[in-house]
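User: I would like to understand how the descriptive terms used for this model are justified. Could we go through some of them together?

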Amino acid sequence: MASGNLGLTYGGQEKTPSLSGETEFAAEAGAPGGLFHADYKRHDDLKQMLDSSKDSLKLEAMKRIIGMIAKGRDASDLFPAVVKNVVSKNIEVKKLVYVYLVRYAEEQQDLALLSISTFQRALKDPNQLIRASALRVLSSIRVPVIVPIMMLAIRDSVSDMSPYVRKTAAHAIPKLYDLDPEQKDELVMVIERLLSDQTTLVVGSAVMAFEQVCPERTDLIHKNFRKLCAVLVDIEEWGQVIIIGMLTRYARTQFTDPNINGTNHSEKDKPFYEESEEDDEKGKQTESLVLDPDHRLLLRNTKPLLQSRNSSVVMGVAQLYHHLAPREDVAIVTRALIRLLRSHREVQTVVLNSIASMSVNRKDMFEPFLKNFFVRSTDATQIKLLKLEILTNLANESNITFILREFQTYISSQDRDLVAATIQAIGRCAAGIKEVTDTCLSGLIALLSNSDELVVAESVVVIKKLLQTHQGSHGDIVGQMARLVNRITVPQARAAILWLVGEHCEKKRVSKMAPDVLRFMARTFANEQDVVKLQILNLAAKLCLSNPKQTKVLCQYVFSLAKYDQNYDIRDRTRFLRHLVFPSTEQALLAKYAKKIFLASKPAPVIESVFKDRDEFQLGSLSHYLNSRVVGYMDLPNFPAVAPDSNVRNVESPRPVIPVTSLRGNSASAPSKGKKKETFYSESSSEDDDVKNESGSSDSKSDSSSEMDSDSAESDSDESSSEEDPDDSVDISQQNIVRLSPSLSPSPPAQRLSRTLVIESSSESEYSSNSSDSDSNDSDKVVKSSRMPPPKSNLDLLLDLDVSDSAPVMASVSRIPLGTLASTPITDSSVQPASAAYISTRPTELVSSISSGCGLQILYRYTRSINLYSPSMVTIELTLVNTGNEELTEVKITNKNMPVGISMHEFTTLASLPVGATRLVTVGIDFGDSTQNVSCDLVASGRPIKINFRPSVGELIRPVTCTEGVFINEQGKLKGMNEHSFSITNTLELEDMKNISTKIFRTTNMASINSSDPNTLRFAGQTLSSKSLVLVTILVGANPKLTVSCEKMIIGSMLLAELKEALKN
């Protein structure tokens, strides 16, 4: 916006900067007034710039207009000039136009409707930001006529490939619901689809739409509950706040109260003997088992959010634990809440309000942090009062001396509100803790001689309450307070003194001075406040009944004054008292009991915290803060007596069975039910014939092709002992390592690609003692097919099994190196899987022989090969070496700690591992496109060894290949938030293109894409779990740059960080 030139020429006029920072046009030469000419048109320069044919001027005008809106200035008169530019071909101009339209579309509905067709076309724009902006503008036009158009746009945007557009669609749902509530049924279906979205960017907005449209439909949450718990830590902060609130209400309807049996144990209930302590631990374990696993999952997955930098997230987790967690688990939120007390003043007020409410029933939580609630001189008054309330709630016999000493310093404060609240707090402590009652009462009486009238008045009110709660002879105290009537002017204090005098009017010392007090108050009756007048009437009635000789005439005088008072309450009270004190003959019956009525003993007032009754509101809500129900507040449901069926939250995740036919391009035919289960060691061809007859699924072409491949396999290798039909399912034994060697020679897509399935074996002491040297050196080499079958319509893979049964079998899961094998359907036929360019052969130590405790050393390496159990699994090869002095037995994996969405396929149990022996085993883990830690126990001879797997992002990718045109087209769809770039400053390493490629291949499992530009390197890959494209571009030249494009923003960001580190080293 700011220009480097002081004077610019546009349209024949000189444009000069004004004092306000906006550019103004000068008037004609010689015109009086100069810049402030009366004929100057408002925003005329901006309108001219928007009508210009130059995109640069339009962009500058839109930037100035958006700046005006950001400052709160009205720019609605520019709507006609701005809306015309919605068809601009310049992306930057179009983005700013949409930002303007979102702001003013609701105010200028008629003009916005004229461009409705343009918005509909923009919904198909290649740029995701334009699509989202068009939907946002469309939902901002609050006209019932376009409801069908909005509904259609939302329905299409929900299935958009961009998560940002789907997020915008979720935000548009509440707007449409407010405009037409009759669309609720259709919107619920859309919300159900959004809730099942796997992208964390969308989930938070989907839950927000659910909360505003159909919060009562808990059935929509059942199947998504565990997913929401799993991805909660990855969702943006404000989405976390909404989801935590929703899950709190959901849990209150699905789980029973964890504290219904009172699981907390007091000190008195704790056993004295150690044997009893063991029984108590068993009892606690039994109680913890009652908690529903999903209930425990919710508590466990929200606990890390206590470290969030967002105060609302921390407060959300705190209220969730407060309302849902067992009593002994709630204490973990204490430190997080104390941390928030160092935040801004507004945050402190909300947090202290919640702590004050929690401290009423959970004193033990905050008692260790007592000093954090001491009042500071810089605190606001509201914060001081809340801290004082918390200190009073936490007071007990052990810390009352410490707290009262702190209260003494507050009484001398200049903050009058704090002083009054402190005196009230001392009264509450005295009423609640009997050990300090006399001490507090003496201190309050001493304050009656204070020079500050406020201190004296508040002390009188508190003493009055204490005297009510502690019955006894308090004539001296009442007499001392009665002498203060002529000095105290605070109405509440004067009324409290009069009440005490009337209540103790029959006491010896008070009875002598009570008539004088009444005489003094009758003199000032007309000038007193209403609350004082009412107490004067009560005092007059009591004295007339107890001492009529001295006060009868004075009482009649007071009643006469009150009879004509302006306040009708006082007049009504006077008529009522007159008939009781001075009855007529007809009312004499009731007058007999007047003395018992007025001088009866009164119940002691209950002095308690003002936060005690706030449990009816959800902690941290606006209603809880105001202690009043606000519009839109939803009550927290009560716990059910019996928990509903938890099976509704079970989501079946089918385990893929990998037959040979499922390894073909796009075919995944299931084996027939009557087929026998085959092994690799079938030696007779008659068995193959029987299986073919039973299945009945193979035709003559497949039979002929299998025979041709079998002949070619026999001619290439003499070690093969049997052939398997490629159309039959193969039962892959876990006692073998299976390697699939892809052919490097290109073949047409319509032809079948021949593959050779080689089964390697090893002896008990060596990796392969009986195998030939050629087998060990060339195990990963390509086995080319000498004969190609006739072309077919689908891409098929023929597997020729080469079984070597001469050596003992290794206990491992079958693994296949990643080749051009199409293991899963690819959405784009122009993007095909490719071979791994780099496979590390050097294993890394996972557990040393010393730390294992049994002499077992564990090494691991990522094979970057397809796992036969599931293509979405990462294959990890473990090397088990027994360096100890005893044989290890029953080596297996147990106690798998799998986060939600992550699965593991472990190796088959090893019966024994002799001393000095080495075994190779393979583990498959589906990390769900995340780098979460997966832990389990590897048990050897009954001794567990803790192992953890946490992959780098590069190992979660499989390489794919495509043409340069397809690469550029796909990269164009992944702009904005899906694109991460970094300017390379270390240009020394960029001189060698081969060196760059080597570093990329070592860091991530991707394939190189042929580039027509010699200064550009392109690499492509695909995430294992979600099949999302990952595209990497490196520009080598004057301005070297690294760009990573991926639909999953977290994957792209983390991969960029790993590649940056790799290029630096």
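User: What makes Asp-438 and Thr-439 of α24 exposed?

Analyst: In this predicted model, a residue is called exposed when its relative accessible area is over 50%, and Asp-438 and Thr-439 are in that class, on the other side of α24 from its buried residues. Buried means under 20%, and in α24, which spans residues 437-446, that class holds Thr-437, Cys-440, Leu-441, Leu-444 and Ile-445.

User: How do you know that the buried residues line one face of α24?

Analyst: Looking down the axis of α24, the buried residues fall within an arc of 135 degrees, so they line one face of the helix.

User: Why are α7 and α9 called roughly parallel?

Analyst: The axes of α7 (residues 128-140) and α9 (residues 163-179) cross at roughly 5 degrees and come within 9 Å; because angles under 35 degrees count as roughly parallel, the two helices are therefore described in that way. Among the residues that meet are Leu-129, Ala-132 and Leu-135 in α7 and Val-165, Ala-169 and Ala-172 in α9, and the residues of this contact divide into seven nonpolar, four polar and three charged.

User: What makes β9 and β14 edge strands of the open sheet?

Analyst: The sheet has five strands in the order β9-β10-β12-β16-β14, with antiparallel pairing. β9 (844-847) and β14 (903-905) each have a single partner strand, so one side of each is left without a neighbour in the sheet.

User: How do you know that β10 and β12 pair?

Analyst: Pairing requires at least two bridges between two strands, and β10 (residues 856-862) and β12 (residues 874-882) have seven bridges in the antiparallel sense, so the requirement is met. Tyr-862, for instance, has Ile-876 in β12 as its bridge partner.

Technical notes
Residues numbered from 1 in each chain as written. Predicted model: local features only at pLDDT ≥ 70, side-chain atom pairs only at ≥ 80, totals over all residues. Heavy atoms only, no water. Buried < 20%, exposed > 50% of the residue type's maximum accessible area, 1.4 Å probe, protein only. Helix = DSSP H or I, 4+ residues; strand = E, 2+ residues; numbered from the N terminus. Arc of directions from axis to C-beta. Axes fitted to C-alpha atoms, helices over the stretch in contact; angles between N-to-C directions. Parallel < 35°, antiparallel > 145°, perpendicular 65-115°, else oblique. Contact = heavy atoms within 4.5 Å. Nonpolar A, V, L, I, M, F, W, Y, C, P; charged D, E, K, R; others polar.
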